[in-house]
Amino acid sequence: MPFSVNGLWKQYHIKTDKPCPLSPSCFRRIWKKYFRKQYVKARQRDGLCQLCKIGHKIDKISENSVEIPESEKKKLQMKKNIVLCHKIIDKETKEQFQHLLNDLKTGQGILTIDFKGNITLGRGPRELGQSWYSRERRTIFGMMLFQKEADGRISKWHFNLVSDCLTHDAVFVKVALSRLFASDVWQSFKFKNLAIWCDNAPHFRNKAFLAYLLELIQDKEFTEVCLCFFEAYHGKSQVDSMFGTITHWLNEWVKTRYLNTTEDVLECFQINNNFLPNPANNFFWKISIAPELWTLRGVKTITNIKLKEYQYFYFS
């Protein structure tokens with residue numbers, strides 16, 4: 001149940017026979033120091049896995065020992081097996097990612113990619129009521145690279161691209177990766193093997209994206225490229241942690257300044273980036289995609305592949 005610290009103070013005040021010797025502010029300080037971990041604040045959770053929710057309901061039914069007809073038992077057992085398989089795949093996928101990270105060698109890179117929810121421009125300290133209907137939006141595409149340094153430690157590099165193209169598809173991903181691979185900082189890494197990890201969104205799991213990865217091998221950009229998918233609804237990675245930081249930056253920025261253009265967004269990122277532990281490892285770029293490329297018409301694809309049956313695609 002939701003609660004407030006003041007509500008807890010009132011309950012403490014009512015339960016004691018004598019007047020409460022602690023003021024609300026003093027009670028709050030003591031609560032934060034000694035009792036905060038004993039209470040869990042109610043919070044909203046979104047993006048949950050439907051299969052895991054079904055499995056949770058089945059477990060509750062089993063715990064309550066409810067009498068179930070024989071026909072319903074078979075259906076529940078089938079659903080339980082599907083949920084169990086889903087959890088096994090999720091566990092094995094995360095173990096595979098950690099195994100690749102632990103065995104990372106020089107000349108190899110692991111790149112996790114994802115789209116952030118579109119951000120809204122036209123925000124600031126003072127806003128007109130009608131401005132909400134005419135606000136523009138921008139796409140943020142995040143990429144996080146793991147690579148092994150000469151001293152043996154694994155370094156992390158963040159690359160975040162801002163664009164006015166709001167179409168999240170394989171064309172956008174292709175342009176974003178091409179921008180990254182052509183940058184000077186990427187060329188300095190001299191990668192031969194690359195593993196790309198992403199979620200199961202349709203802008204990643206499609207034949208046009210696979211065709212682009214095949215072109216990278218044919219053009220000898222890499223010797224080996226592996227495309228790996230996290231299990232559905234379990235694809236949260238450190239890219240999403242950076243997205244949370246970006247959201248905090250933007251919310252703090254609009255309290256004192258206006259956010260009207262893409263340049264304002266990049267300025268917000270660059271200023272706040274200086275307060276992070278490794279600011280030199282974070283890059284924020286603006287990319288433009290021609291309007292005629294905002295659809296998948298005419299894009300080269302790979303045929304005769306059933307995408308949903310595979311978690312990994314390997315090119316060499």
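This report walks through helices, salt bridges, a charged patch and a few loop residues of the structure above.

The model is predicted, so to speak of local features a pLDDT of at least 70 is needed, side-chain atom pairs count only at pLDDT 80 or more, and totals for chains, interfaces and linings use all residues. Residues are numbered from 1 along each chain as its sequence is written, and side-chain values use heavy atoms, with hydrogens and water left out.

## Helix α4 and the positive patch

Let us start with α4, which covers residues 70–102. Helices here are DSSP runs of H or I with at least four residues, strands are runs of E with at least two, and both are numbered from the N terminus. The expected span of a helix is 1.5 Å times one less than its number of residues. For the 33 residues of α4 that gives 48 Å, and the end C-alpha atoms are indeed 48 Å apart.

Which residues of α4 are buried? They are V83, H86, D90, T93, F97 and L101, where buried means under 20% relative accessible area, exposed means over 50%, and partly exposed lies in between (1.4 Å probe, protein chains only). As background, an α-helix has 3.6 residues a turn, so residues three or four places apart point the same way.

F97 belongs to this helix, and its relative accessible area of 13% makes it a buried residue. Its C-alpha lies 8.4 Å from that of W197, although F97 and W197 are 100 residues apart in sequence.

Helix α4 also takes part in a surface feature: K53, K57, K75 and K79 gather in a patch of positive charge. Such a patch is made of residues with over 30% relative accessible area and no salt bridge, with like charges joined within 9 Å. Lys and Arg count as positive, Asp and Glu as negative, while His and the chain ends are not counted. The place of a charge is taken as NZ of Lys, CZ of Arg, CG of Asp or CD of Glu. Both α3 (50–64) and α4 supply at least two residues of the patch, and K75 is a residue of α4.

## Helix α7 and the loops beside it

Next comes α7, with 12 residues and a reach of 16 Å from its first C-alpha to its last, close to the 16 Å expected at 1.5 Å a residue. This helix is mostly covered, with 9 of its 12 residues buried. Among them are F209, Y212, L213, L216 and I217, and E215 is on the list too.

P202 sits in the loop between β4 (193–198) and α7 (207–218). With 63% relative accessibility, P202 counts as exposed. Its C-alpha is separated by 7.5 Å from that of D169, 33 residues apart along the chain.

K220 is found in the loop between α7 and β5 (224–229). Its phi is positive, about 60°, although K220 is not a glycine, and its relative accessible area of 75% makes it exposed. Y233, in the loop between β5 and α8 (238–253), is another residue other than glycine with a positive phi, near 65°. At 58% relative accessibility, Y233 is exposed.

Helix α8 itself holds L250, which is buried at 4% relative accessibility. L250 and R123 are 127 residues apart in sequence, yet their C-alpha atoms are 9.5 Å apart in space.

## Salt bridges

How many salt bridges does a search of the whole structure find? The total is 7, a salt bridge being a side-chain nitrogen of Lys or Arg within 4 Å of a carboxyl oxygen of Asp or Glu. Three of these pairs are set out below.

| Pair | N to O distance |
|---|---|
| E136 and R138 | 3.0 Å |
| E215 and K174 | 3.9 Å |
| K286 and E263 | 3.2 Å |

E215 lies in α7 and K174 in α5 (170–181), so this pair ties together parts that are 41 residues apart in sequence. K174 is partly exposed at 33% relative accessible area.

K286 belongs to strand β6 (282–286) and E263 to helix α9 (262–273), so their bridge ties together parts that are 23 residues apart in sequence. K286 is partly exposed, at 43%, and so is E263, at 44%.

In the E136 and R138 pair, E136 is partly exposed with a relative accessible area of 45%, whereas R138 is buried at 10%.

Conventions. Patch = residues over 30% accessible without salt bridge, like charges linked within 9 Å, V, L, I, M, F, W, Y side chains within 5 Å. Areas by Shrake-Rupley, 256 points an atom, 1.4 Å probe, with all protein chains shown as cover.
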